[in-house]
Amino acid sequence: MFRMNLLRAAGLAAGLAFLSTVVFAQAGQVEGTIRLKQADGSTKPAAGVLIDIYRIDIKGHYDVKTDKNGHFVRLGLPLQGTYLFVFSGPGATPTWMNNVRITQMPVVDTTLDAGDGTTLTLEEVQKQMAMQKAGGGAPAAKTLSPAERAKAEAAQKELEASAKEGKELQATFDLAVKHFNEGVRLKTANNYEAALTEFEESTKLDPSKNKNFVEIAHRSNAQVAETNYQLGADKFNKRDRNGAKPHFEQAVTSINKAIAVASAVSDDPTVNNDLITYYGILEKNARILVENYGAANLVDDTVKAIEKAEALDAANKNKWGVLKADMYRSAGRTDDAVAAYKKVIGADPAFVDALYGLGLTLIASTERAQIQEGANTLADFVSKAPPTDKRVAIVKDALEGVKNAYTVEAEKPAAPARGRRKP
């Protein structure tokens with residue numbers, strides 16, 4: 001089985017296996033290890049050995065070379081074939097192995113004697129086989145009837161056409177991987193503009209063409225989203241709000257594509273971790289657009305996505321609940337935000353992120369009762385947040401402002417439980 005590993009980087013790259021599924025089920029593989037005998041009788045892996053594989057029941061030729069460990073793998077061999085293996089390598093005496101059926105012998109190992117490194121041609125091997133047969137050697141391969149030969153040749157042509165398609169898909173896949181890895185390298189070097197170009201190229205891989213394209217497709221779209229976020233944040237922080245907006249918008253579009261592609265994978269439990277990451281990317285970009293650009297149209301769809309994240313990430317359900325409430329608060333949907341924050345606090349009264357969000361939401365009200373409740377909630381936050389939480393000082397200033405503006409003073413919370421903040 002042919003495997004290719006993607007570069008692992010940026011938390012988004014992982015190993016991918018591209019299986020040649022376009023080749024018919026009648027096609028298989030053969031592998032083996034070739035060793036070279038040394039003068040002292042020991043053997044060592046024979047690198048660079050050429051293995052010519054000839055189909056002898058009908059015409060067909062395949063080849064492969066051993067790697068530095070003397071190992072080889074050859075895909076796409078018709079299972080119904082009978083083969084002649086010819087081994088030729090540097091510093092070795094060539095040899096051959098006849099009448100191999102890979103259904104019975106999927107692993108072909110051999111040891112070569114030292115020699116002059118000549119290469120045997122098919123004609124030379126055939127002459128040796130004829131001499132061997134004359135001397136009572138191994139029986140010749142089965143002779144096919146005309147009908148059997150025609151059927152085998154038709155199957156061979158079909159296999160070759162399928163193999164050609166597989167080769168084209170492999171080339172497309174390899175190109176996408178090349179762009180993805182280059183994008184990761186550039187992004188790691190903080191060259192976000194160039195990285196974005198590479199990731200956009202890798203998203204051109206169509207996941208509908210082969211199921212093994214799916215992973216690189218959704219990860220590429222996720223990288224496009226994250227890189228756009230970085231570019232948008234940089235522009236926003238430099239006060240180029242108009243220049244930043246398209247990047248955040250593209251981030252939302254791209255991460256939704258990543259989510260759609262990844263969600264279609266039902267037989268890979270590891271994809272859930274990717275989806276949890278993707279929902280987080282969606283939330284942060286959508287909230288920026290809602291809060292700073294008034295994109296209220298994103299709220300409901302983003303909330304639905306957060307609810308899917310809650311289901312996948314049950315251990316962090318309250319974290320997602322706060323993010324949902326934050327989304328409502330950013331959109332000015334106060335009642336929805338209050339309800340969402342209170343749901344989290346009902347599950348965990350010491351969840352400080354929910355206390356913080358609820359308190360800020362309530363003190364922004366024009367109703368005294370809600371302002372009082374907000375002040376009380378923020379005081380509860382101060383009592384339960386870790387002393388290192390930078391928001392504590394901000395909240396204390398806010399409480400002082402509420403006291404001066406509305407003559408509302410926080411009531412002392414009962415039985416504080418300090419320090420419980422969920423990740």
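The following paragraphs describe the confidence of this predicted model, one strand pair and one helix pair.

Confidence is considered first. Across the protein the mean pLDDT is 85, with 86% of residues reaching 70 or more. Two stretches fall below 50. In residues 1-25 the pLDDT stays under 50, and the model gives this segment 66 contacts beyond four places in sequence. Residues 414-423 also have a pLDDT below 50, and 26 contacts beyond near neighbours in sequence are present there in the model.

The strand pair consists of β6, spanning residues 83-88, and β7, spanning residues 95-100; the two run in the antiparallel sense and are joined over 4 bridges. Within this pairing, Val-86 lies opposite Trp-96 of β7. The hairpin has 6 residues between its strands, and Gly-91 adopts a positive phi near 75° in it.

The helix pair is formed by α9 (residues 334-347) and α10 (residues 352-363). Their axes approach within 9 Å and cross at roughly 150°. Angles over 145 degrees count as roughly antiparallel, and α9 and α10 are therefore roughly antiparallel to each other. The crossing of α9 past α10 is left-handed. On the α9 side, the contact is made by Thr-334, Ala-337, Val-338, Tyr-341, Lys-342, Val-344 and Ile-345. From α10, the contributing residues are Ala-354, Leu-355, Gly-357, Leu-358, Thr-361 and Leu-362. Sorted by class, this contact of α9 with α10 comprises 9 nonpolar, 3 polar and 1 charged residues.

Methods: Residues numbered from 1 in each chain as written. Predicted model: local features only at pLDDT ≥ 70, side-chain atom pairs only at ≥ 80, totals over all residues. Heavy atoms only, no water. Axes fitted to C-alpha atoms, helices over the stretch in contact; angles between N-to-C directions. Parallel < 35°, antiparallel > 145°, perpendicular 65-115°, else oblique. Left-handed = near helix turned anticlockwise from the far one by under 90°. Contact = heavy atoms within 4.5 Å. Nonpolar A, V, L, I, M, F, W, Y, C, P; charged D, E, K, R; others polar. Pairing = 2+ DSSP bridges. pLDDT = per-residue confidence, 0-100.
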